[in-house]
There are 2 protein chains.
Amino acid sequence: MGKQITEMLKGTLEGIVLAILSVQPAYGYEITQRLREQGFTDIAEGTVYALLVRIERNGLVEVEKVPSEKGPPRKVYSLNVPGREYLEEFWTTWGFLAERLGQLKEEGK
Amino acid sequence: MGKQITEMLKGTLEGIVLAILSVQPAYGYEITQRLREQGFTDIAEGTVYALLVRIERNGLVEVEKVPSEKGPPRKVYSLNVPGREYLEEFWTTWGFLAERLGQLKEEGK
DNA sequence: TCAACTACTCTGTGTTACTAGCTACTAGTA
DNA sequence: TACTAGTAGCTAGTAACACAGAGTAGTTGA
């Protein structure tokens, strides 16, 4: 897969992470793990942390420091109201794109 | 929609254009028009031309100059064998992503 | 003490779509 | 003639984003 998925993730990875957070709050390391479980095996850790910084700066999440039994304290992220609205928009945009692509794929047969 | 679709198009727009070309050869201006018809109203013309240069450089298309009745000659692009293989890969990658996202969307309800 | 794991941070790089122009050719109109 | 609109292609500069790769910090167990 490689390069293609990298480019496709631009713009969608943000929505994916927000969607994960909409189910329940989580911290960076945990999100990375969950992504890997879901098949996104080659997403770099650094990428997730950078993304979290970005969505925090954009005011889409609340952050809480929680001490960990192992390692340094966790930064637990949870979606706030603007975050949920943004996620809604994301699903709308994604729906549009998925529909177009689905149609194009049919035509190509 | 705006910013979200812009980022989402990164990586997918290339596939979209290749998919259009897989149905039948076309030139830049025509591709832009077709994209607009399909609802991608805010894709800039310049974007399409830049993309065409890129896929030509990457050897995914053949190019033929065809005189036009109106305006300067058209550069008609058609998919070649590597292009078709690349498009196949694109659909695989897209399928993977669409499946993941579909699942995430379900979970979020 | 040192390896292994957890958790987070940072810098630089490459790719990509966008903005905002430009050139060039033709046909129709004032 | 001079202009406008439509067709067709091209370019330079910019912003956003995922990645590679490295580093920091804390805990546990050999």
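A residue is counted as near a molecule or strand if one of its heavy atoms lies within 4 Å of it. The model described here is predicted, so that local features need pLDDT of at least 70 and side-chain atom pairs count only at pLDDT 80 or more, whereas totals for chains, interfaces and linings use all residues. Residues are numbered from 1 along each chain as its sequence is written, chains are lettered from A and ligands numbered from 1 in the order in which they are written, and side-chain values use heavy atoms, with hydrogens and water left out.

Of the atoms of DNA strand D that lie within 4 Å of the protein, 77% belong to sugar or phosphate, and the rest belong to bases. There are 30 residues around this strand, of which Thr47(A), Glu7(B), Tyr29(B), Arg74(B) and Lys75(B) come nearest. Polar contacts are pairs of N or O atoms within 3.5 Å; within protein, one atom must be able to donate a hydrogen and the other to accept it, and residues adjacent in sequence count only if both atoms are side-chain atoms. A backbone N or O atom of Leu9(A) is placed 3.0 Å from a phosphate oxygen of DNA strand D, and a polar side-chain atom of Tyr27(B) lies 3.1 Å from a phosphate oxygen of that strand. A base oxygen of DNA strand D, in turn, has a polar side-chain atom of Lys10(A) at 3.3 Å. The elements that give two or more residues to the surface near DNA strand D are α1 (3-9), α2 (12-23) and α4 of chain A, together with α3 (28-37), α4 and β3 (74-79) of chain B; helices (H or I, at least four residues) and strands (E, at least two) are DSSP runs, numbered from the N terminus. The residues of this surface divide into 10 nonpolar, nine polar and 11 charged, where Ala, Val, Leu, Ile, Met, Phe, Trp, Tyr, Cys and Pro count as nonpolar, Asp, Glu, Lys and Arg as charged, and the others, Gly among them, as polar.

Around DNA strand C there are 29 residues, and those that come nearest are Tyr49(A), Arg74(A), Lys75(A), Thr47(B) and Arg54(B). Sugar and phosphate account for 73% of the atoms of DNA strand C that come within 4 Å of the protein. In chain B, a side-chain N or O atom of Thr47(B) is 2.7 Å from a phosphate oxygen of DNA strand C, and a side-chain N or O atom of Arg54(B) is likewise 2.7 Å from a phosphate oxygen of the strand. In chain A, a polar backbone atom of Gly28(A) is 3.2 Å from a phosphate oxygen of DNA strand C. Two or more residues of the surface near DNA strand C come from each of α3 (28-37), α4 (45-57) and β3 (74-79) of chain A and α1 (3-9), α2 (12-23) and α4 (45-57) of chain B. By residue class, this surface holds nine nonpolar, nine polar and 11 charged residues.

The secondary structure of chain A comes to five helices and three strands, which run α-α-β-α-α-β-β-α from the N terminus on. Along its principal axes, the C-alpha trace of chain A spans about 55 × 30 × 20 Å.

The contact between the protein chains (heavy atoms within 4.5 Å) takes 32 residues from chain A and 32 residues from chain B. The area buried between them, that is, the accessible area (1.4 Å probe) that two parts lose on being put together, summed over both, is about 3400 Å², of which carbon and sulfur atoms give 74%. In chain A, Gln4(A), Met8(A) and Leu104(A) lose the most area to chain B, together 20% of what that side buries. Eight residue pairs, both at pLDDT 80 or more, are in polar contact between chain A and chain B. The side of chain A that touches chain B draws two or more residues from each of α1, α2 and α5 (81-107), and α5(A) gives the most, with 14 residues.
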